[in-house]
Amino acid sequence: MFETSNIRNFSVIAHIDHGKSTLSNCLIKFCNSQNNLNSINIIDNIYLEQERGITIKAQSINLNYNLSGINYKLNLIDTPGHTDFSYEVIRALSACEGVLLLIDAIQGIEAQTINNFYIARNMNLFIIVVINKIDLLISKPINLINQIKDILDKDLIITYCSAKKSIGIDNLINNIINFIPPPNNYYNNKLQAIVIDAQYNNYFGIMLLIKIKSGFILKRNKIRLVSVNNTYTVEKIWLVTPKIKECLVLNCGEVGWITCNIKNFKQPIIGDIITAVNVSNNIVTPLKKINPQIFVSLFLSKNSNYTILSNALNRLGLSDASLSYTPEFSNTFGNGFRCGFLGLLHMDIIKTRLEREYKLDLIITLPTVRYEILTNNNKIIYIDKPHQLLNINKINELREPIAECFIITPKIYVNRIIKLCIEKRGIQVNIIYFNNQAKMIYLIPLTEVILDLSSTIKSISHGYASLSYNFKCFKKSKLSCVNIYINKKLLPELSIILHDNNIKYKANLIINKLAKIIPKHQFNVIIQAVIKNKVIARATIKSLYKKVTEKCYGGDVSRKKKLLSKQKCGKKKLQKLGKINIPKKVFLSLLKIN
């Protein structure tokens, strides 16, 4: 059993590609070598993390380290760097008393670096700045120190290391022990714990990763989940050290896994508070939920199973509290789910996992954002499906979500980025210059941000500029819903809300793209883009042609006319009754247009 004063809970936070996972693995190997254990790589253990070189899930591990004859327990939580997984970062930091803010010595301070810094500062965590990759010849840590003092804080503790070559790791661990405070037992030994993660195990069911804020948990203890007021019995307790090790107790300040026979997948678990059965008031503050930013509909092809999709979303949603999903029905595609994500990368990761891990063939619709509508009777309504506008009468204002964007860029790219932000309907809030760097703050519609703003900024700055953003507010805007009709039948999955600037031009692009992708049928397919019963763009896919008169070698021309008339009537009948095949790639192609 460790004394609470000898426990250190900390996370590694940084911009993407600054070396978080490399540093985490280096710390694991360094502590393992001191304890004569084999190195085990548990960081980035999801195949998509290894394949794409990014961290998706925050990983927790308990390390033992001996300093001056005293044994310390270091609870390390590695976190994602991409802004789409910001809720993972917040959950990880809720279990910590300090953070390592990792900065690449070459790339310097980037947008997500600043965003993570303020998240940690607002949570009152002790921050140690770690300058990584100092072994590279082109690194300039002295210049970076000036940036840190100008942009972040001049009083921060700064240390240097090379995670790849294990340089400066011993000094870093000493700083963790000396500066990051131990957890405090604030609440008179009454059990108070917070659930920071959950996952499903085929053998043990739902497992909870918890941080003990006060008191302790013993095996076979009865506990209570506050939000649902349900009582459970703790069946097993584990620590990751770095091997998974079963134990009998979790003490104050420790982070570990427990199982307690929870079977309800849809029960809100992550962020919940755990108390003893006889404790009525919870003192620990539950984690705030982050609302999804984009919404899509997931449908299945004919050879897929709806039950498998439902179970898959239940299991993925269990460990990803930022994923939302509700059942949905479409006349075109059948049963599916309306899903909410934090961004396009988040959406792509979930879609890929559903397809690979559960062998599902998915159709995914165009991503949209949530809009706010003020009616004439001052009632506020929120929608995330564009065609829902058809069911709302007497709209006073249609408001779109606005994102506050933080862009860090070298000075030479400022003009190009300003031009890009203007094209995206952005409003400049501020530009601050620090030596050779500039910090730009813009208010840009969220629809313009989520589609391609980050990649475009990377492109025009040759990878030197970076973007992070947060939802700011809803703002009245000149928007219209473009509904797509195919043979006079509304296809709501293709409806899209566009700004009135160049709306006819964009509608024509969509219609022409659909005309190229939708295959020919035995009847004419008419595609129309409609705004308030007014057709603004139109295209026709000509029917497949069959020479019905080919068998006529002579005789009266009336026989040929009869066959052609019969064919024409058949095509008209098919046009009314025939089912149109919508390929999966339709939605991906429209996404590229946007």
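Modeller: Buried means under 20% relative accessible area, exposed over 50%, partly exposed in between (1.4 Å probe, protein chains only). Helices (H or I, at least four residues) and strands (E, at least two) are DSSP runs numbered from the N terminus. This is a predicted model, where local features need pLDDT of at least 70, side-chain atom pairs count only at pLDDT 80 or more, and totals for chains, interfaces and linings use all residues. Residues are numbered from 1 along each chain as its sequence is written, and side-chain values use heavy atoms, without hydrogens and water.

Biologist: Which residues of helix 4 are buried?

Modeller: Helix 4 is mostly covered, with nine of its twelve residues buried. The stretch starts with A111, Q112, T113, I114, N115, N116 and F117, and is completed by I119 and A120.

Biologist: How many Å does helix 4 reach from its first C-alpha to its last?

Modeller: Helix 4 has twelve residues. The expected span is 1.5 Å times one less than the number of residues, which gives 16 Å here. The computed reach is close to that, at 17 Å.

Biologist: Which residue follows helix 4?

Modeller: Look at the backbone just after the helix. Phi there is positive, near 60°. The residue is N124.

Biologist: What is the volume of the largest pocket?

Modeller: On a 1 Å grid over the protein atoms alone, a pocket is an open set of points with protein on both sides within 12 Å along at least five of seven lines, for a 1.4 Å probe. Points are joined across faces, edges and corners, and the volume is the space filled by probe spheres set on them. For the largest pocket that comes to about 1,300 Å³.

Biologist: Which residues are closest to the centre of the largest pocket?

Modeller: The lining (residues with an atom within 4 Å of a point) has 42 residues. Helix 3 (86-93), helix 4 (111-122), strand 8 (205-214) and strand 26 (466-476) each give two or more of them. The closest to the centre are I90, I119, M123, L287 and K288.

Biologist: How many residues of that lining are nonpolar?

Modeller: Ala, Val, Leu, Ile, Met, Phe, Trp, Tyr, Cys and Pro count as nonpolar, Asp, Glu, Lys and Arg as charged, and the others, Gly among them, as polar. The lining holds ten polar and six charged residues. Its nonpolar residues number 26.

Biologist: Which strands are the edge strands of the six-strand open sheet?

Modeller: The order is 2-3-1-4-5-6, with mixed pairing. Two strands pair if DSSP finds at least two bridges between them. Each edge strand pairs on one side only: these are strand 2 (59-67) and strand 6 (157-160).

Biologist: What is the bridge partner of L63 in strand 3?

Modeller: Strand 2 and strand 3 (residues 70-78) pair in the antiparallel sense. Nine bridges join them. In strand 3, L63 is matched with L74.

Biologist: Which residue in strand 15 is the bridge partner of M207?

Modeller: Strand 15 (residues 255-259) has five of its five residues buried. V255, W257 and T259 lie on one side, G256 and I258 on the other. Strand 8 pairs with strand 15 over five antiparallel bridges, while strand 12 (residues 236-240) does so over three. In strand 15, the partner of K236, and also of M207, is T259.

Biologist: What is the average turn between neighbouring strands of the sheet 18-19-17-20?

Modeller: Four antiparallel strands form this open sheet. Strand 18 (324-330) and strand 20 stand at the edges with a single partner strand each, so one side of each lacks a neighbour in the sheet. Angles run from 0 to 180 degrees between N-to-C directions of axes fitted to C-alpha atoms, for helices over the stretch in contact. With direction ignored, the average is 30°.

Biologist: Which residue of strand 20 is the bridge partner of F299?

Modeller: Strand 17 (residues 294-300) and strand 20 run antiparallel. Three bridges join them. F299 is matched with I363.

Biologist: Is K359 buried or exposed?

Modeller: K359 sits in the loop between helix 8 (344-357) and strand 20 (362-364). Its phi is positive, near 55°, in a residue other than glycine. At a relative accessible area of 69%, K359 is exposed.

Biologist: What is the relative accessible area of R425?

Modeller: R425 lies in the loop between helix 9 (414-423) and strand 24 (427-434). Phi of R425 is near 65°. R425 is partly exposed, with a relative accessible area of 21%.
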